[in-house]
Amino acid sequence: WNYHLTNADGDVYYHGRASDSESMADVARRHGKTTGTDGARFGEGDTMTRITEPGTPKLTAQGIEGIGINEQEGRTLIGRRSVNGGRVRGNNIRGVDPGSVNAADKMRAGRAHLNGQSPSAMGGKTLAGKNYAKTSC
């Protein structure tokens, strides 16, 4: 399943995917513990929105994640902490490596599932971040 994280201003800053064995709370806890120079990846004022349901095929979920990151024209793609000043509020990687053997299949599956929708604009079940940020932030 896929989700995006939105800040208090309503701006999507992260696109992700999760295993069917993970709940939204599991993902929120993981992101709440991920901290950097810009704070927690998910915390006070943030919202997680599940944009596809559990059971979404993995190839499709990977494509949707990649499409979401790409459509942001690099705004969510911040790179690894070792090269970005320690920031965590964004995507470290592209989601779909264009050089991978099945990159085209992933993107095609994602586009077919989205049927013209933008991952960043999609709604769904939400979870507020206020209870998930690491308290030492």
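**Exercise 1. Following His4 across the sheet**

In β2, which residue is the bridge partner of His4? Once you have that, work outwards to the rest of the sheet.

*Solution.*
Step 1. Look across from His4 into β2, and you find His15 as its bridge partner. Keep in mind that you're working with a predicted model.

Step 2. Now look into β5: there His4 has Thr49 as its bridge partner. Tyr3 also has a partner in β5, namely Arg50.

Step 3. Zoom out to whole strands. β1 and β2 are antiparallel and pair over five bridges. β1 (residues 2-6) also runs antiparallel to β5 (residues 47-50), with four bridges joining them.

Step 4. How are β1 and β2 linked? They make a hairpin with five residues between them, and in the turn Gly10 has a positive phi of about 85°.

**Exercise 2. Drawing the sheet**

Sketch the open sheet: in what order do its four strands come, and which strands stand at the edges?

*Solution.*
Step 1. Write down the order β2-β1-β5-β6, with antiparallel pairing.

Step 2. Check the ends of your sketch. β2 (12-17) and β6 (125-128) each have a single partner strand, so one side of each has no neighbour in the sheet.

Step 3. Add some twist: going from one strand to the next, it averages 20°.

Step 4. Place the helices. Helix α1 (residues 24-33) packs on the sheet and touches β1, β2, β5 and β6, with its direction at about 40° to that of β6. Helix α2 packs on the sheet too, touching β1 and β2, and its direction makes about 165° with that of β2.

**Exercise 3. Buried or exposed?**

Decide how well covered β1 and β2 are, then sort His31, Asn84 and Asn115 into buried or exposed. The cut-offs you need: buried is under 20% relative accessible area, exposed is over 50%.

*Solution.*
Step 1. Start with β1, where five of its five residues are buried. Both faces are covered: Asn2, His4 and Thr6 lie on one side, with Tyr3 and Leu5 on the other.

Step 2. β2 is mostly covered as well, with five of its six residues buried.

Step 3. His31 belongs to helix α1. Its relative accessible area is 0%, so His31 is buried. Not counting residues up to four places away in sequence, what does His31 touch? The list is Tyr3, Leu5, Tyr14, Ala40, Arg41 and Phe42.

Step 4. Asn84 sits in helix α3 (residues 81-84). With 10% relative accessibility, Asn84 is buried. A polar atom of the Asn84 side chain lies 2.7 Å from the backbone nitrogen of Arg87. Leaving aside neighbours within four places in sequence, Asn84 is in contact with Ile78 and Gly79.

Step 5. Asn115 is in the loop between α4 and β6. At 67%, Asn115 goes in the exposed pile.

**Exercise 4. An unusual phi**

What is the sign of phi at Asn115, and why might you look twice at it?

*Solution.*
Step 1. Recall the general picture: most residues other than glycine have a negative phi.

Step 2. Now compare: Asn115 isn't a glycine, yet its phi is positive, about 50°.

**Exercise 5. Two helices crossing**

At roughly what angle do the axes of α2 and α4 cross, and what kinds of residues make the contact?

*Solution.*
Step 1. The axes of α2 (residues 58-71) and α4 (residues 103-114) come within 7 Å and cross at roughly 85°.

Step 2. Name the arrangement: this makes α2 roughly perpendicular to α4.

Step 3. Find the residues. α2 brings Leu59, Thr60, Gln62, Gly63, Ile64, Gly66, Ile67 and Asn70, while α4 brings Asp105, Lys106, Met107, Ala109, Gly110, Arg111, His113 and Leu114.

Step 4. Sort them by class, and the contact has six nonpolar, seven polar and three charged residues.

Conventions
Residues are numbered from 1 along each chain as its sequence is written. This is a predicted model: local features need pLDDT of at least 70, side-chain atom pairs count only at pLDDT 80 or more; totals for chains, interfaces and linings use all residues. Side-chain values use heavy atoms; hydrogens and water are left out. Buried means under 20% relative accessible area, exposed over 50%, partly exposed in between (1.4 Å probe, protein chains only). A polar contact is a pair of N or O atoms within 3.5 Å; within protein, one must be able to donate a hydrogen and the other to accept it, and residues adjacent in sequence count only if both atoms are side-chain atoms. Contact means heavy atoms within 4.5 Å. Axes are lines fitted to C-alpha atoms, for helices over the stretch in contact, and angles run from 0 to 180 degrees between N-to-C directions. Angles under 35 degrees count as roughly parallel, over 145 as roughly antiparallel, 65 to 115 as roughly perpendicular and the rest as oblique. Ala, Val, Leu, Ile, Met, Phe, Trp, Tyr, Cys and Pro count as nonpolar, Asp, Glu, Lys and Arg as charged, and the others, Gly among them, as polar. Two strands pair if DSSP finds at least two bridges between them.
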